[in-house]
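Hi everyone, thanks for making time for this. I'd like to walk you through one structure, and please stop me whenever something is unclear.

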Amino acid sequence: MADKNGFFDLSKTAFTRRTALKGLAAGAGLAVAPGFVRYSQAQSSAPIKIGFQSHRTGIGAAYGRWYEKTTAAAIKAINAAGGINGRQVEVIIEDDGTDPGRGAEVVGKFATQHKTDIVFGTLFSHVVIGSAPAAGENKMPYFVVSEGHHVASTKLNRYVFQPGITDVKSQIQSMAPWIAANAGKKVTQIFPDFAFGYDHRDYLPPALKAQGAEVIAQIAIPPTESSFTKYFPQIPPETEVIYHVMVGPAVLTFVKELGEFYGSNRPQLFGFIDSLEATDINSPGLEFLDGSHFWEGSPRYAQPDDSEAQKAYRTAVGIDDNGAAVGDPKDVSTAAHMFGCWETLYVVKKAMEDAGYKGPEDRAKLVEATEALTAFAEGPEHPQGAKTFNGKIHQCFGIQNISKVEGGKLKVVHKTKIEDGLYEAEGDYTTQAL
Amino acid sequence: MSDASPVKAYALHLGVIALLFVLSFLLPEYYHGLLSRIMVLAVFAIGYNILFGYVGLLSLGHAMFFGAGLYGAGLAVIQLGWGVPLAFVSGIACGAVLALVIGLLALRTTGVAFMIVTMMFAQVFSLLILYFASWTGGDQGMVVPQPARVLTFGATSLDLTNPTVRYMSALALFSVVLLITLAIVRSRYGRVLIAIRENEERTKMLGYDTFSNKLIAVVVSGTICAASGAAYALLFGYVGSSFASVQYSILPLLWVLLGGAATTLGPLIGTVFMYYVIDITSGYTSAYLLIVGIALILLVLFFPKGVLGTIRQRWLGWLP
């Protein structure tokens, strides 16, 4: 952490010390906070400082905790291997409360108080979107691990990147061929009536149509709903696949009531594991999911064909074969997403090395170096799999996993290709001024 | 408050404005940016204080007025391509119209019923934002593009994303609203509002139309809150539904209670206090809300009328 030298930085003002002291006395009420600090510029030998905008509290806290664990493991590995450009890496964590207003303040705090080199690690879409203007205004490279389509939509700004996890549009597009070929061609969607659900509502129908399948009903469930039985009669009887992406604590009730509604004679079920991240798949009430399929970014359960890189990554992060914390089987990880922290940090490392990054004055070079990246090979730095990167839309593309619930575990039954998730760019960040 | 104190009162308020101006040159970068945000949100608290502090009407729905300003200005820029001045006026107008409608309906109730009715209207407003997601961006919200956040006067332009311009814009808004509030509370109308708070029936008996006076107060309060929301959208570039959630109806209540209800400067003190406590404690523990809670309890114990309210009661009776 940087040093704390005093209350006010007077170096850039025309005030005399006496005048300033008068002002200081008048502002004593404000200055009671010990946070009025001055931070010295990073020296070339000083650590590279990464500001981690963490969801420590609020709705994203379960993700935030595992994002922190993964980040700590990646930084430990990077530092053990010599750091970045010969400098050690230090992570400074600030809690954004999973709130977009606070998120923007935290980005400002990293830029102007902690003087970090980059900001990193945000998951929830509304926090990313709320924080992006602050990143752009402070010219602060902002590497998010969100999976939202907001970055690739090119509606944010040139300083926002998502190089370590694919976006939801790409994920849905990748799932469609397998669903149409293996689960069924008449699909009913059940989704929460807010943005995460809207991504699925909007992107799945065209993706399925391209595969000769169709969405025959879309059932939006208000986020405040706690019982779902009344919605199930809306599911058309000819439905072959129920595509569900319910999230939050209500998912347990949702699955239980769906099971009671259908009994043993149900359509195929396909869901996104986002619903059950950090939740034990063997929790009471989830038995109905047996035999159903889920999207997973990275598999929660160890697979027989796991690469050495995947095994090493799991060991480094501290998750066992069931995807729970080593020594605490009840502490289930957010494995499908948190690998993105690990991989993003290695992208940052690569881009900083390519840019010859020395300090905040090189942030623009870092942006350009990141945009110049095109592909990441599978290996210790990218254990989830190989990826391509589109520098114009600041978004990576990679493989996806489709897993089946079998015997209380998730078994990967299909891996998509990178090409399955590619789509036409919707804009070009590189045309924006730095 | 005595009639002999206008000079003291105005001098104090102008002094606070001058102090905030000087702080712009003294504060480190981060606290400079933070104070910009605090001043905008203090305007929100000032608006809330008009109704809560001076009329005694406890609303749990003021987030809708802040949200009306936020979306009224933000959507005007994003969806209609309007410039900053027109968008700001649009935000204020949205808040004023909404406050008039809500006031006409909600003022049929008092006390707990008023709280519940305002909270329900705010909930409707919040759900409408989610329902019209294709326009509003739903729960994810929308970014007001940086190039659009420029104020142009002929050949001169002011970039609202520039920290100094943003600080001074926030200070200008805060100063205008603070002085208007001071003028209101010192006016005959302000005394009528206080009379309504103290004893509405007696005020009626004295010949005052209390409904009309309360309605005007709701509109003034809502308009000020909308001005804060509009400024937030234009100065900080984000329009999101979380700002219309119940949390943002409770926050101004807390800020006002902390600083001192029915004091003109209390909302600023409360907002500053809450912001700094959260900012500092969140750096040490994720249980910072526990510390905030303890701080609030201590304040209630030792400053039952809020910081300025207690100071006024014990030492400075002339404080407005």
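Before anything else, a word on what I mean by an element: helices, H or I with at least four residues, and strands, E with at least two, are DSSP runs numbered from the N terminus. With that in hand, here is a spot to look at: helix H10 of chain A is followed by A:Gly356, whose phi is positive, near 60°. Please keep in mind throughout that this is a predicted model.

Let me stay with H10(A) for a moment. The helix covers residues 335-355 of chain A. Is its length what we would expect? At 1.5 Å a residue, its 21 residues should span 30 Å, and the end C-alpha atoms are 31 Å apart, so the two agree. As for its surroundings, 17 of the 21 residues of H10(A) are buried, so the rest of the structure largely encloses this helix.

Now let's step back to chain A as a whole. The chain has eleven helices and 17 strands. Of its 434 residues, 53% count as buried. If we take contacts between residues at least 6 apart in sequence, 69% of those in chain A join residues at least 24 apart.

On to the sheets. In general, strands of a sheet pair through backbone hydrogen bonds, either parallel or antiparallel. Chain A has an open sheet of five strands, in the order S2-S1-S3-S4-S5, with parallel pairing. S2 and strand S5 (160-161) of chain A are at the edges with a single partner strand each, so one side of each has no neighbour in the sheet.

Within that sheet, I'd like to zoom in on strand S1 of chain A, residues 48-54. How many of its residues are buried? Seven of the seven, so to speak the full strand, and S1(A) is described as mostly covered. Both faces of S1(A) are covered. On one side we find A:Ile48, A:Ile50, A:Phe52 and A:Ser54, and on the other A:Lys49, A:Gly51 and A:Gln53, all of them buried. S1(A) pairs with strand S2 of chain A, residues 89-95, in the parallel sense over seven bridges. Two of those partnerships are easy to find on screen: A:Lys49 has A:Glu90 as its bridge partner in S2(A), and A:Gln53 has A:Glu94.

There is also an open sheet of three strands in chain A, ordered S13-S14-S15, and here the pairing is antiparallel. Strand S13 (375-376) and strand S15 (395-398) stand at its edges, each with a single partner strand, so one side of each is left without a neighbour in the sheet. Four bridges join strand S14, residues 387-390, to S15(A). Opposite A:Phe389 you will find A:Cys396 in S15(A).

Back to helices, with helix H5 of chain A, residues 125-137. At 1.5 Å a residue, its 13 residues should span 18 Å, and its end C-alpha atoms are 19 Å apart, which agrees. Where does H5(A) bend? A kink of about 35° lies at A:Ser131, shortly before the proline A:Pro133. Of the 13 residues of H5(A), 13 are buried, so the rest of the structure largely encloses this helix. After H5(A) comes A:Lys139, with a positive phi near 50°.

One loop residue deserves a quick look too. A:Asp321 is placed in the loop between helix H9 (308-317) and strand S11 (324-325) of chain A. Is A:Asp321 buried or exposed? With 13 C-beta neighbours inside 10 Å, A:Asp321 counts as partly exposed. Setting aside neighbours within four places in sequence, A:Asp321 is in contact with A:Tyr301 and A:Ala302.

Now for chain B, which has 14 helices and four strands. Its C-alpha trace spans about 55 × 45 × 45 Å along the principal axes. For 320 residues, a compact globule would have a radius of gyration near 20 Å, and chain B has 19 Å, which agrees. Buried residues make up 51% of chain B.

Finally, how do the chains meet? In all, 34 residues of chain B are in contact with 42 residues of chain A. On the chain B side, helix H1 (6-26), helix H2 (29-55) and helix H12 (266-281) each supply at least two residues. H2(B) gives the most, with six residues. By class, that side of chain B has 19 nonpolar, eleven polar and four charged residues.

That's my tour, and I'm happy to take questions.

Definitions and conventions: Residues are numbered from 1 along each chain as its sequence is written. Chains are lettered from A and ligands numbered from 1 in the order in which they are written. This is a predicted model: local features need pLDDT of at least 70, side-chain atom pairs count only at pLDDT 80 or more; totals for chains, interfaces and linings use all residues. Two residues are in contact if their C-beta atoms, placed from the backbone, lie within 7 Å. Ala, Val, Leu, Ile, Met, Phe, Trp, Tyr, Cys and Pro count as nonpolar, Asp, Glu, Lys and Arg as charged, and the others, Gly among them, as polar. The expected span of a helix is 1.5 Å times one less than its number of residues. The bend at a residue is the angle between axes fitted to the seven residues ending there and the seven starting there. A residue is buried if 20 or more other C-beta atoms lie within 10 Å of its own, exposed if 12 or fewer, and partly exposed in between; C-beta atoms are placed from the backbone. The radius of gyration is taken over C-alpha atoms; the globule rule is 2.2 Å times the number of residues to the power 0.38. Two strands pair if DSSP finds at least two bridges between them.
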